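I opened the notebook with the sequence and the coordinates side by side. My plan is to write down what I look up, one topic at a time.

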Amino acid sequence: MAALIRRRLLCTSAEAAGRKLAVREVTKANFAEAVEEFKEDLAGSDFVAVSLQKTGSFSAGWHQELPFDTNDTAYLKAKYAAERFQVLQFAACPFSIRASKLTAHPYNFVLFPRDELKMGMPSYSFSIQTSHMAYLAQEGFDFNACIYDGISYLSKAQESAAKVRIGNPTPGNYVVDSKVTHTVADTMFIERTKSRVKNWKNTCKNSSLRTDGKKCYALLSSLRKLVMGTELYGSRPCMNIDVCSERQVQLSLEMLKEFSDELVPVIVPAKGGGTQSVRVFLTSSKEDKDFFERELQNVEEEQNKRVRGFREVIDLISASQKPVVSHNSLNDFTSIHSKFISPLPGNIEEFTGSLSMVFPHILDVKHLMKNIGPLRKVTNIPAAISYLNNHYFAPIDLETLHEENEGKSHRHNVVKICYLFAKLCTILKIPENAKPIDYHLLAPATEEYTNISNPLSNIPQESINEDIRIWRSNMRKISCNHLAFVWGFRSGYTAGMLKSMLQTSRDIFSEDFDVRLVDKSCAIVVFRQPGLSETFLDVVSNEDICGSLREMVSEGLRATSYQTYKRVCNLGLWEADLADSLDKALEHPDYNMEADSTTNRREILWSTDSMINFDDL
């Protein structure tokens, strides 16, 4: 992949000016036409960038990814947001880079989870964050067009469930299993069914029945339909083979292979799941058989398109195997997995395994930015582009956005991702001999260039101007075992006030430590020396405490380890205040402090993923 990127990103020409690039707005009305154009653009491109606009991102401040989150807790937070909030706009932009020219084909798909099949799918309800709605309104987002003309969809899991409930017939394919032997009952079923099919086929081919007059033929046709279960599909006769199990389905398909030159089997599913019958069609020739099979495939594909909706775009991107470029991969792909693939797994390992089957190559520009020191913590794409333009000579020839898209930042945000990606890869000069590493969604960057960003890159920073934020030089790595959470202090306390009161309480606070507020109800205490967090927790729970700490505990101060915070995320205790969530985790009937402190301590100590990059937090 690195060689591919290198070949595409040798940029020497000046920035483009004056040409206009229009973002294609896609709704239900023009979706079919736009998908065909998108397919062509995707086939001729080397990458595809994606950007999502949702109805919200987090319900409380501590629900967002924080500097002390591990891979596990960061994923659980992203999972919670992905399951609650709805994707209203999905921007996708196939793009290629030749020399210094960036060729982009941006599309903005407007989505709405409409229950078009009257099955309660894809969604009965979703949450809305008011600030996001206000932002969309300021951007001129048309809520009426979204609700009435937004493109609906079903995930792969929902599509499978819908097909069962709809009951559309599907072509029957026999699966050979050499290990299975026929029982006496199997043999009797095969012979009985074979005899019936032979008689039906011979009767249908006996053209002499059609020469005895219309009335006689009509009478015989009615009797044949009643007795043999046969009918006509267009000009082709068909009959049903009733089955009682999936085993009989396979036996029927196995038997019908003897008549494969003329007969076409189709599986008719039952409404409640399983198979109702095997429907057999008689064709007049090999050409007619081939034509009929293509006709069945076309009908099935049209039905699938109607069921899939927008997910057809996701399937096209997946099938293309093109690298997918994102600016916020964790949040974007948890939403994509939840809405368009299947329900999110309970842990990060299963999630990455499932996602890699659909998108094997994911590139996060935030990870590439980590290789340029001042951009290691930039969340604003225009700010990152501005910094690179001012400090590096890496010209990219890109058409400017059309006037009709001005003020609609999400629509052209995906184009800016393409531009930023090209800039970064040019500056970083990815070597031709660099090899793609294995897919690890959230693994730390053990290689200079990896597939995707590590969410633990939220490293505290300081601002060097209004747009650019950078790391401080004294970045440290702190084990999760060095952290403690405290809550129950007086309202209005600042981090500095809490630190001052703790410093005067016990000898343990004479060592280097720091305090930061997580939200208004809870603070995190960071100890630089091993073992001090455990000592602090013991002191808080000891009745012999004295000084200001004793007064704070008597007023309701509580403290716990990082393991309780992990338990909060695992249990899904997403209260508005972190303090309430910690209380519930400690009171949970399955809570076991000893199990947490042993199992999770080993996990943290043995895995570098559990080390958090920490500055002044």
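I begin with the term that the first entry depends on: I count a salt bridge where a side-chain nitrogen of Lys or Arg comes within 4 Å of a carboxyl oxygen of Asp or Glu. I also keep in mind that the model is a predicted one.

**Entry 1, salt bridges.** I looked up Lys-584 and found that it forms a salt bridge with Glu-575, with 2.7 Å between the closest N and O atoms. Lys-584 has 40% relative accessibility and therefore counts as partly exposed, and Glu-575, with a relative accessible area of 26%, is partly exposed too. I then noted a network in which Arg-24, Glu-33 and Glu-37 are joined by salt bridges that share partners.

I turned next to Asp-69, which forms a salt bridge with Lys-77, the closest N and O atoms lying 2.8 Å apart; here Asp-69 and Lys-77 are both buried. For Glu-262 and Lys-201 I noted a salt bridge between the side chains at 3.5 Å, N to O. Because Glu-262 sits in the loop between α9 (246-256) and β10 (263-269) while Lys-201 belongs to helix α7, this pair ties together parts that are 61 residues apart in sequence. Glu-262 counts as partly exposed at 23% relative accessibility, whereas Lys-201 counts as buried at 11%. The structure holds 19 salt bridges.

**Entry 2, Thr-193 and Ser-277.** I stayed with helix α7, which spans residues 184-205 and contains Thr-193. Is Thr-193 buried or exposed? Its relative accessibility is 7%, and since the cut-off for buried is under 20%, Thr-193 counts as buried. Leaving out residues up to four places away in sequence, I found that Thr-193 touches Ile-241 and Met-255. Thr-193 and Met-255 are 62 residues apart in sequence, yet their C-alpha atoms are 8.2 Å apart in space.

Ile-241 came up again when I looked at Ser-277, since the contacts of Ser-277 beyond four places in sequence are Asn-240, Ile-241, Asp-242, Val-243, Val-266, Ile-267 and Val-268. Ser-277 lies in strand β11, residues 275-282, and with a relative accessible area of 2% it is buried.

**Entry 3, strand β20.** How many of the six residues of β20 (residues 522-527) are buried? I found that six of the six are, so the strand is largely enclosed by the rest of the structure. On one side the buried residues are Cys-522, Ile-524 and Val-526, and on the other they are Ala-523, Val-525 and Phe-527, which leaves both faces covered.

I then traced the pairing of this strand. Strand β18 (residues 483-487) runs antiparallel to β20 and is joined to it by five bridges, with Phe-485 having Ile-524 as its bridge partner in β20. Strand β19 (residues 513-519) also runs antiparallel to β20, through six bridges, and there Phe-513 has Phe-527 as its partner. Two residues separate β19 from β20, and the two strands form a hairpin.

**Entry 4, nonpolar cores.** Phe-485 appears once more in the largest nonpolar core, which has 61 residues; those with the most contacts inside it are Phe-90, Phe-109, Phe-310, Phe-359 and Phe-485. Another core, of 38 residues, lies apart from it and includes Leu-363, Ile-372, Leu-388 and Leu-420. I set beside this the general remark that in soluble globular proteins nonpolar side chains tend to be buried together.

**Entry 5, helix α20.** I checked helix α20 (residues 562-571) and found it mostly covered, with eight of its ten residues buried. The buried residues are Tyr-562, Gln-563, Thr-564, Tyr-565, Lys-566, Arg-567, Val-568 and Cys-569. After α20 comes Gly-572, whose phi is positive, near 70°.

**Entry 6, the whole chain.** I finished with the overall values. The protein has 22 helices and 22 strands, and of its 617 residues 51% count as buried. Among contacts with a separation of 6 or more, 76% are between residues 24 or more positions apart. The protein exposes about 29100 Å², of which carbon and sulfur atoms supply 50%.

Technical notes. Residues numbered from 1 in each chain as written. Predicted model: local features only at pLDDT ≥ 70, side-chain atom pairs only at ≥ 80, totals over all residues. Heavy atoms only, no water. Helix = DSSP H or I, 4+ residues; strand = E, 2+ residues; numbered from the N terminus. Buried < 20%, exposed > 50% of the residue type's maximum accessible area, 1.4 Å probe, protein only. Contact = heavy atoms within 4.5 Å. Areas by Shrake-Rupley, 256 points an atom, 1.4 Å probe, with all protein chains shown as cover. Pairing = 2+ DSSP bridges. Core = buried A, V, L, I, M, F, W, Y, C linked by side-chain atoms within 4.5 Å.
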